[in-house]
Number of protein chains: 4
Amino acid sequence: MQTIGHFINGQHHDEHSRTQAVFNPSTGTQDKQVSIASAKTVEHAIASAQAAFPAWRDTPVIKRARVMFKFKELLEQHADKICELIGEEHGKIVHDAAGELQRGIENVEYACGAPEFLKGEFSKNVGPSIDSWSEMQPLGVVAGITPFNFPVMVPLWMFPMAIVCGNTFVLKPSERDPSATLYIAQLLQQAGLPDGVLNVVNGDKVAVDTLLHDHRVQAVSFVGSTPIAQYIYQTATANGKRCQALGGAKNHAIVMPDADIDNVVSSLLGAAFGSSGERCMALSVAVAVGDEVADLMIAKLSEAMKALKYGPYFDKNNDFGAVITAEHKAKVIAYIDSAEQQGAKIIVDGRQAAPTGYENGFYVGATLIDQVQANMTSYKEEIFGPVLQVMRVNNMQEAMDLIDNHEYGNGTCIYTRDGEAARYFSDHIKVGMVGINVPLPVPVAYHSFGGWKRSLFGDLYAYGPDGARFYTRRKTITQRWPTANVREGAQFSMPTLN
Amino acid sequence: MQTIGHFINGQHHDEHSRTQAVFNPSTGTQDKQVSIASAKTVEHAIASAQAAFPAWRDTPVIKRARVMFKFKELLEQHADKICELIGEEHGKIVHDAAGELQRGIENVEYACGAPEFLKGEFSKNVGPSIDSWSEMQPLGVVAGITPFNFPVMVPLWMFPMAIVCGNTFVLKPSERDPSATLYIAQLLQQAGLPDGVLNVVNGDKVAVDTLLHDHRVQAVSFVGSTPIAQYIYQTATANGKRCQALGGAKNHAIVMPDADIDNVVSSLLGAAFGSSGERCMALSVAVAVGDEVADLMIAKLSEAMKALKYGPYFDKNNDFGAVITAEHKAKVIAYIDSAEQQGAKIIVDGRQAAPTGYENGFYVGATLIDQVQANMTSYKEEIFGPVLQVMRVNNMQEAMDLIDNHEYGNGTCIYTRDGEAARYFSDHIKVGMVGINVPLPVPVAYHSFGGWKRSLFGDLYAYGPDGARFYTRRKTITQRWPTANVREGAQFSMPTLN
Amino acid sequence: MQTIGHFINGQHHDEHSRTQAVFNPSTGTQDKQVSIASAKTVEHAIASAQAAFPAWRDTPVIKRARVMFKFKELLEQHADKICELIGEEHGKIVHDAAGELQRGIENVEYACGAPEFLKGEFSKNVGPSIDSWSEMQPLGVVAGITPFNFPVMVPLWMFPMAIVCGNTFVLKPSERDPSATLYIAQLLQQAGLPDGVLNVVNGDKVAVDTLLHDHRVQAVSFVGSTPIAQYIYQTATANGKRCQALGGAKNHAIVMPDADIDNVVSSLLGAAFGSSGERCMALSVAVAVGDEVADLMIAKLSEAMKALKYGPYFDKNNDFGAVITAEHKAKVIAYIDSAEQQGAKIIVDGRQAAPTGYENGFYVGATLIDQVQANMTSYKEEIFGPVLQVMRVNNMQEAMDLIDNHEYGNGTCIYTRDGEAARYFSDHIKVGMVGINVPLPVPVAYHSFGGWKRSLFGDLYAYGPDGARFYTRRKTITQRWPTANVREGAQFSMPTLN
Amino acid sequence: MQTIGHFINGQHHDEHSRTQAVFNPSTGTQDKQVSIASAKTVEHAIASAQAAFPAWRDTPVIKRARVMFKFKELLEQHADKICELIGEEHGKIVHDAAGELQRGIENVEYACGAPEFLKGEFSKNVGPSIDSWSEMQPLGVVAGITPFNFPVMVPLWMFPMAIVCGNTFVLKPSERDPSATLYIAQLLQQAGLPDGVLNVVNGDKVAVDTLLHDHRVQAVSFVGSTPIAQYIYQTATANGKRCQALGGAKNHAIVMPDADIDNVVSSLLGAAFGSSGERCMALSVAVAVGDEVADLMIAKLSEAMKALKYGPYFDKNNDFGAVITAEHKAKVIAYIDSAEQQGAKIIVDGRQAAPTGYENGFYVGATLIDQVQANMTSYKEEIFGPVLQVMRVNNMQEAMDLIDNHEYGNGTCIYTRDGEAARYFSDHIKVGMVGINVPLPVPVAYHSFGGWKRSLFGDLYAYGPDGARFYTRRKTITQRWPTANVREGAQFSMPTLN
């Protein structure tokens, strides 16, 4: 059985310690295992990053950026391999993996622009003959801890920006699907990154805690569930580090009476069931304003859902694949059960999913639930499965109150044609990423990703302009020169000519 | 005896509860006392701020800015009164208070530019006919906790920026010298600020903890000592708030062999002894590179120090005044004692300060100590008194190592004429604010203030561009409109015309 | 009879040369005359500006900004006097003059933010130990030539920005209504501006040509009609100056079938007839999409126009006042006549305007014309009077074609509720300033003003960020220091210690 | 004999009309000729660009940027071929051509960051519920006219930025060495650029004038000599186009008494003689402050110049190659003659250059002239050959006066170790690009290139941030939505649900 190790100081690194199973969710089989790093291994990675820092920070930014230019080329050249690795361990269909990779590459593209976004501000004559300017200097060693659902994209939110800013990096990817992450780390080395600038360790809470407590780690970026995000944030900040910790979500779409319903239906299919709903930006609740629109939408949705296909990752005809583990499959089904028990109406039921030939895979079919209420468990918590719940309200304000009262504030969307409704919604809703007729309003790589409320802990968001700011610290220099021996005076006798 | 109360929802507010003495340090007498807010009073202030938020956030930014324009006018008109209040309770000489006020006004001036610095970023066609933009929205209720040493300037670092960004504010100033702070809060109300947008509560740890734990408070700005800063940061972040907490300092100047020594001496006098050294940017350690420059500098410094005058705040001929309390005076003297006991050489001794007629004031004279070593207590800790310590090293690298090994990284300075030395120093030194021949490199209001290492907890600095970023959170909108019924089609039958 | 002179080097300046009549349009009488500067007088102003430049450019930007802070205060204090002067010589009603002044003050407010918008860009390590940064340095002497219709606002678009950037200025305002302009120039002097930094000369083509040909003038800003703008631009650029020349306009509103017609009507009244239509952003053509909306709009407009009042400037009950001269009145009437002759339908006829008691004033009443065609003289040219013309088209594309085919491209507006229509329009229309349900989309002072096509010659627009860019030129410094005698070496023998 | 044609609408294009000889300067032979476009051919190119514009402007910016990412890859892959083509027709040594190409590629890298630098500014609530934002829209068809001395780099300053901003382009490169330019245009097509977006026409004044007068061309970028730059600027602006026209230079270095002379000498060699001095940033005048430094510098320079090698472009051991034509060789020699005749002292004489085997090549050897005076012809005019002239002054101010009194203000440099001297110089010198110990202070691609005085006509510089600004025009949208039928009202009866 293949054992997946670590990547430290430019070398494959393994230690013969604990391991954990890595499954192929499409088939339900286990073909690999992953090494679980000890504290010592993590410290080795940190030490490697620390050692690589001085030379890397002094490398001109354009040279750092050129490693990213080359990295982009390599990611594109090896896209098929990367998508295969994602599919094999995560279960998402290869076209979905390709989409993930593309979104990740966009962050590499943005990182290529570092010479622009790392500019400081220069002020002439802040006082008489006194100038002042700021420099955005790298922090040193920074760490990233990333989730299973985007084994390539979320790491690419972090380390390209951190590294192009002059930092060195220790990444702890998800132990569920580590291979694709390790693979792209090696591509970055091929792109010319010096050894030790990027290190990858696989592991569990031991690795996480080592990163959180080691004083050499200056900053931590995290994406995962809210309870863990909160733990990461509290622990990292208690140890004096800067931290950005992105947590869970419950993303609502408001469907207004004037919405283009065909557009609503077609876009909700992808937004709710794509990647089996295992996305922090998945659109999992549709709030219909008025029963008329609700009934129409449900009729069209349930019809359209008949055509959805799911199955193994390598079949491009599938719309979505398995969920990550058997445990997670059970958990998603339990949420559907609870909704049913608490009074909601199961319109389309995906609980009996078992594609022929892949009966042992971890599948859940696309599920549509109507009559969901705010006090139901399936509404209050994040399901992270292919389940779309419908709620009904009387007007837009009720819909907005629902959203604002929810614990999470990651993404949301309104479907309308009306400029005023859209503007009122986007202005007032307490959510960080807002779509207007766009169900998955993930900001492009040159903006920044972040939710409000308990969806994000910290003040700077992931990637884009905020990423640059998070991975640098400000130094402000104020400069005045003593007057002018050389310029005005007896300069001909100065010894430098002798 | 005058009792100083709170300022809540546009009203003077008092409760008959605990009080604490407020001294006149110049004379050592107590003429006033200050109310110490109960949790209930603080919650009243928070509730007022919460209630004022919706209308204030929706006020166009130019109107918010105009309140700041008017506030600047009022601060200038009432400068004498403000400086008198500062001097009376803090002890600094009125010309020093005027300098503090001026620095504070500069932050108000910067806040007037909010329409510019609150602009979001607009991207056309992030996809086909899809636009995306960011808005920097206010947080809600934010809190500031400020130290005794700048009762006007440090609050003005915070609330003008927070408020002009659309937040409402609860300020807890130092209970040592609250009157000037309260006075300027009232001026802001006169400038047209709606009731409840700025609230001031005096208090102690009870007030602080109430602010740190109340879920309505979205963010906390703090300036004070490092242990408290760390507590504030850990507690605020553990409660899910964003936080910037500025702590202590030990600011070194490197004096290079080619420095302009007369400039060194004259500028060190102000930087070390101004405001009795009670500044987090006070220059408290001079590191001479080579004995030659050390001896020359000490000779000139000790001569120049003979002319320094200290005494009551209202006498403009004084260079500096009393320290804040009798306890603090004793602490400063104890540091000097410890240096002497640990082997340093007291060149000029200010321990017996007692200006005629003001013998009971809390005075410490300007003190110069030579032969200070890195392991001495007086070096390791922040003295916050009029004490300048001299260290001797053999070369610039040794000097830089000293600075980098110190716990704090607030400010530093190099005296040299040489471009290369200055550039190497400013590039590599692990300090956030660097002066080149500028001993107090406090960034101007249109840059941002913040140290490195244990001088600042958080990732965004005080005031300036970082202040704007700290007091707002990003919202990113992605927008696509359904195609074109109105533009292309059968629009003449639309009901909006009927 | 009062003779209005010049303001040069901080002094009132008159020469006994040519003069020109200044009328009171409200009454039609002449009470004043204005000196018409000779080339020599203009050269005197240029020389004064040239002499004032070196000290002013070296004045720290925050001090330059503080003159603007004070200027704002004085403009607000003297608002009544300024509006009186505007009304007396221009004829606009005092509340309209107050609006003009307010818009002008907003440019002063923006100029107060110069420390922010004059920041250069600093790049560390563009090569090994090489840094590079940009400085936005002032140009020297710059000139402004401004029109009669906004004697206060348009000058305030120019000289506050130019001056706060460190330039010195020669302004040639309109000789029709020079008094308000001269008055505010004196207020700026009171605000602390050094003599010679702002100079005002009244004059005609002689003055203009002197400014255009004098090699000491580095840049010219102009607002006026298109033929003159083109002449100014060609002449200034042929003489190697930078130039921005804003010309005429023909601003169309598209009224879509889904528009809020009551809003259309009420907002068109002000946009078409305010200031007697003597605004380069006046909304002079309403393009109705479909006869249904056209008929409805005309019915409501003609009803609402009955309530409009016009008369002398000092009566606040008036909605608008006289036009600038008797000649201009005749010209506006001739345009109405021509429309009638060419087949358009005069719905409301303002040609017989003669308010009781002011029969000799230069009045034209609000005029509404239907059935206007693209080949009519009144459509092809700018009327600059209180005349609103209605055109009828079958769909939005036809309306857009009309606008795009017109010579001018200053401002435009669409009335709709539909997000898609608005977005398509604003994306594709060849006009520089676009309103969505906003009939006068004059950019606020923190954006920039400029049209497309023959409405603007040059590449940088008026005021706001472009203003800062226009009034400065870039200097880029690239810096490397020779290695390290002082830092590393035998520094103890350096002579600066002796 | 090979005939070099045009590249229009993605196709090789030739017409059988006039031709002009293309020489190999290294050998003096003619192997090729170039077609000289008629007005009709140029109009065909313009029409192709015009036709390609609508689709290209609507292509999302990230997709436009990705063409540039791919273009960078192709330029790197084909570097040898490009350098060969440059050397063959221009004469510069292949390592110098590689440097030129690298500088050009840096502009392509910068263009890849278009999603960042094309962001507009978004302002919420400029009034109650009114938003305003700016968009930087492309201009349409823009033209570039480029010089012989950088057949790859200067075109790459222009078209990547113009095209990534959404414009389409007509390039007229130098007819002396057109092949490399055509080659890279074809690479850009290979990178995925749609046909017609970039067109290249070879030609002379006929082509230039066609571009300057055609109303479809919106903007013109030019680099060449000052008289032509002025003609281009006057003609383009007279035709209502925006224009940036970069002209000649006379770049001085001040050598201060405290300069690191070995560094001065080694860096001047490359800056004066590299590319045979055929660079607008060539350092052609060294101003020594004091005879002591002058004598020392001349002694070391003349010694070092003995080791310089020149000869054919393909021999990497050569330091520089031939000049562009026999005529230009004669002109350079005539300048040296005139200096000698007017009293200067020829220290090293390159007039008899004739490398063995290449006696017919257009060679001039490295020449050093002392005792140059400001009134000599060789000082007043740009030589554009491998000639370094030395002047002697008594102090820095005299040196600065020399520079400021010269017609040109492109680049300059000071050699010193002293911070104050460097800062005074860079602040006050009237030159656009300033080096501090950097003899060729060409701004990196993420800053902008431009001189002052008669070295540049226009207000926006080449490439970098100014390039983005030059190739776009601002559109400002102000938006308010009518209140809320959909949001608040009787929305259930709306027809969109039917």
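Modeller: A helix here is a DSSP run of H or I with at least four residues, and a strand is a run of E with at least two. By that definition, in this predicted model, the chain is 41% helix and 22% strand over residues 15–477 of chain A. The C-alpha atoms at the two ends of that stretch are 46 Å apart.

Colleague: What makes residues 15–477 of chain A a stretch to single out?

Modeller: The choice comes from a record: UniProt, in an unreviewed entry, lists residues 15–477 of chain A under "domain: Aldehyde dehydrogenase". Such annotations may be inferred rather than shown by experiment.

Colleague: How do you know what confidence the predictor has in chain A?

Modeller: pLDDT expresses the predictor's confidence in each residue, from 0 to 100; set against that scale, the mean for chain A is 95, and 97% of its residues reach 70 or more. Residues 489–498 of chain A, however, have pLDDT that stays under 50, and for them the model has 23 contacts beyond four places in sequence. The model as a whole scores ipTM 0.95 and pTM 0.96.

Colleague: Why is the relation between chain B and chain C called that of a two-fold axis?

Modeller: Chain B can be laid on chain C by a turn of 180°, with a shift of 0.0 Å along the axis and an RMSD of 0.0 Å, and that is the relation of a two-fold axis. Among the residues of chain B, G113(B) comes closest to this rotation axis, with its C-alpha at 2.6 Å.

Colleague: How do you know through which surface chains B and C meet?

Modeller: Of the interface residues of chain B, 98% are also interface residues in chain C, so the copies meet through the same surface. For chain B and chain A the share is 100%, and so these copies, too, meet through the same surface. Chain B is laid on chain A by a turn of 180° and a shift of 0.0 Å along the axis, with an RMSD of 0.0 Å.

Colleague: What makes β1 and β4 of chain B the edge strands of their sheet?

Modeller: The sheet is open, with 3 strands in the order β1-β5-β4 (chain B) and mixed pairing; β1 (2–4) and β4 (19–24) of chain B each pair on one side only, which makes them the edges. Direction ignored, neighbouring strands of this sheet are turned by 40° against each other on average.

Colleague: How do you know that β4(B) and β5(B) pair?

Modeller: Two strands count as paired if DSSP finds at least two bridges between them, and β4(B) has 6 bridges with strand β5 (residues 29–35) of chain B, in the antiparallel sense. One bridge partner in β5(B) is S35(B), which faces T19(B). Helix α3 (residues 79–90) of chain B packs on the sheet, touching β1, β4 and β5 of chain B, and its direction makes about 105° with that of β4(B).

Colleague: What makes β1(D) and β5(D) a pair in chain D?

Modeller: They are joined by 3 bridges and run parallel, where at least two bridges are needed; T3(D) stands opposite Q33(D) in β5(D).

Colleague: How do you know that helices α8 and α9 of chain C meet?

Modeller: Contact means heavy atoms within 4.5 Å, and by this test K205(C), V208(C), D209(C), L212(C) and H213(C) in α8(C) meet Y231(C), I232(C), T235(C) and A236(C) in α9(C). These contact residues divide into 5 nonpolar, 2 polar and 2 charged. Helix α8 (residues 205–213) and helix α9 (residues 226–238) of chain C pack at an angle of about 35°, with their axes 8 Å apart.

Notes. Residues are numbered from 1 along each chain as its sequence is written. Chains are lettered from A and ligands numbered from 1 in the order in which they are written. This is a predicted model: local features need pLDDT of at least 70, side-chain atom pairs count only at pLDDT 80 or more; totals for chains, interfaces and linings use all residues. Side-chain values use heavy atoms; hydrogens and water are left out. Axes are lines fitted to C-alpha atoms, for helices over the stretch in contact, and angles run from 0 to 180 degrees between N-to-C directions. Ala, Val, Leu, Ile, Met, Phe, Trp, Tyr, Cys and Pro count as nonpolar, Asp, Glu, Lys and Arg as charged, and the others, Gly among them, as polar. Copies are superposed by least squares on the C-alpha atoms of residues with pLDDT of at least 70 in both.
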